[in-house]
Number of protein chains: 2
Amino acid sequence: MKLSTKGRYGLRAFIDLAVSGEGQPVSIISIAQRQEISVSYLEKLMAKLKKAGLVESVRGVNGGYTIARPVEEISVGDVLRALEGDLVPVECAGIDESHATHCSSSSQCVSKIVWKRINDCINDTVDSIYIGELVQESRGL
Amino acid sequence: MKLSTKGRYGLRAFIDLAVSGEGQPVSIISIAQRQEISVSYLEKLMAKLKKAGLVESVRGVNGGYTIARPVEEISVGDVLRALEGDLVPVECAGIDESHATHCSSSSQCVSKIVWKRINDCINDTVDSIYIGELVQESRGL
DNA sequence: GAAAAATCAGACTAAAATGCTCCGAATTTA
DNA sequence: TAAATTCGGAGCATTTTAGTCTGATTTTTC
């Protein structure tokens, strides 16, 4: 069970963008240099963030990316889900709480209790941390 | 970020073993049938559980596996870690709390706060659920 | 003692996911 | 027009996953 480099690099890049860009567009190249990520790979990550509406892009000379919304309103969960897709280590954890959904065995049904708790704890955790906090933390270092 | 079939099948198999074996050895074949897992694959999973000291084996006719310790003392985390290895989606989340460890950039350092919280929440969750509870739950269904 | 039922050990493999790179656009500014 | 940038997609090498196959070993039963 691993968080891929998409999530790891991408969050770092996003924080970098938040810290280093003051409303001004920040180029992929400069983020890539500071964060020691390859430019080509970072392009892919930024594309995902843009698709999710978390960043906006400006083309051409002096172009780059800006963060689309106040960082106080963007959670780590928003960023990670944009990059990684759903943060649910185990599918079929049953959106509905009841045991109504068909299980071929009771062990299967019971294990869903576990999967649901894992999924919930992860999502609760990442949704409770906002980029704004991390930016402040970063400036304080 | 996915929990592999090792963990998913393995926990189900372990619960099955706990529920269906009453001190008596339970064969891989019977678990595999109930849980709809291939015998050869389940052999691998049981080997891991045995190596971790969570189950004991009896060879020969009427042999099989028994759970090595009281199910009230075995957590879901014990089982999943035996099957999957460490449950840390992000490495380098820093065992030590301080920011002393070298970070090439502040974003990198700050993101560790996130990784650590994710790792902790997962481990706390799986370590707070015991197989005994799940067995009871299963019997109650 | 032979046959059957089981665990055990390890090599092997197919498929999928991951982690990238590369190329050639298109866009904007200077 | 040239340079700096984002954009889009194809492609690929490596690793991980998921699982099979084979054969050996142990134990019980007849």
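Q: In this predicted model, what makes B:Val79 a residue in contact with others beyond its neighbours within four places in sequence?
A: Two residues are in contact if their C-beta atoms, placed from the backbone, lie within 7 Å, and on that basis B:Val79 is in contact with B:Gly10, B:Leu11, B:Phe14, B:Leu54, B:Ile74 and B:Ile131.

Q: Why is the set of residues that holds A:Val79 and B:Val79 called a nonpolar core?
A: The name applies because such a set consists of buried residues of kinds such as Val, joined through C-beta atoms within 7 Å. The largest nonpolar core has 67 residues, and A:Val79 and B:Val79 touch the most other members. In soluble globular proteins, nonpolar side chains tend to be buried together.

Q: How do you know which residues surround DNA strand D, and which are the closest?
A: A residue is near a strand if its C-beta atom lies within 6 Å of it; 26 residues surround DNA strand D, and the closest are A:Ile28, A:Ser57, B:Ser4, B:Ser38 and B:Gly60. H3(A) gives the most to this surface, with 4 residues.

Q: What makes some residues of the surface near DNA strand D polar, and how many are there?
A: Residues that are neither nonpolar nor charged count as polar, Gly among them, and the surface near DNA strand D divides into 12 polar, 8 nonpolar and 6 charged residues.

Q: How many residues does each chain bring to the contact between chain A and chain B?
A: Chain A and chain B bring 39 residues each. On the side of chain B that touches chain A, the largest share, 14 residues, comes from H5(B), while by class this side has 20 nonpolar, 10 polar and 9 charged residues.

Note on methods:
Residues numbered from 1 in each chain as written. Chains lettered and ligands numbered in written order. Predicted model: local features only at pLDDT ≥ 70, side-chain atom pairs only at ≥ 80, totals over all residues. Helix = DSSP H or I, 4+ residues; strand = E, 2+ residues; numbered from the N terminus. Buried ≥ 20, exposed ≤ 12 C-beta atoms within 10 Å, placed from the backbone.
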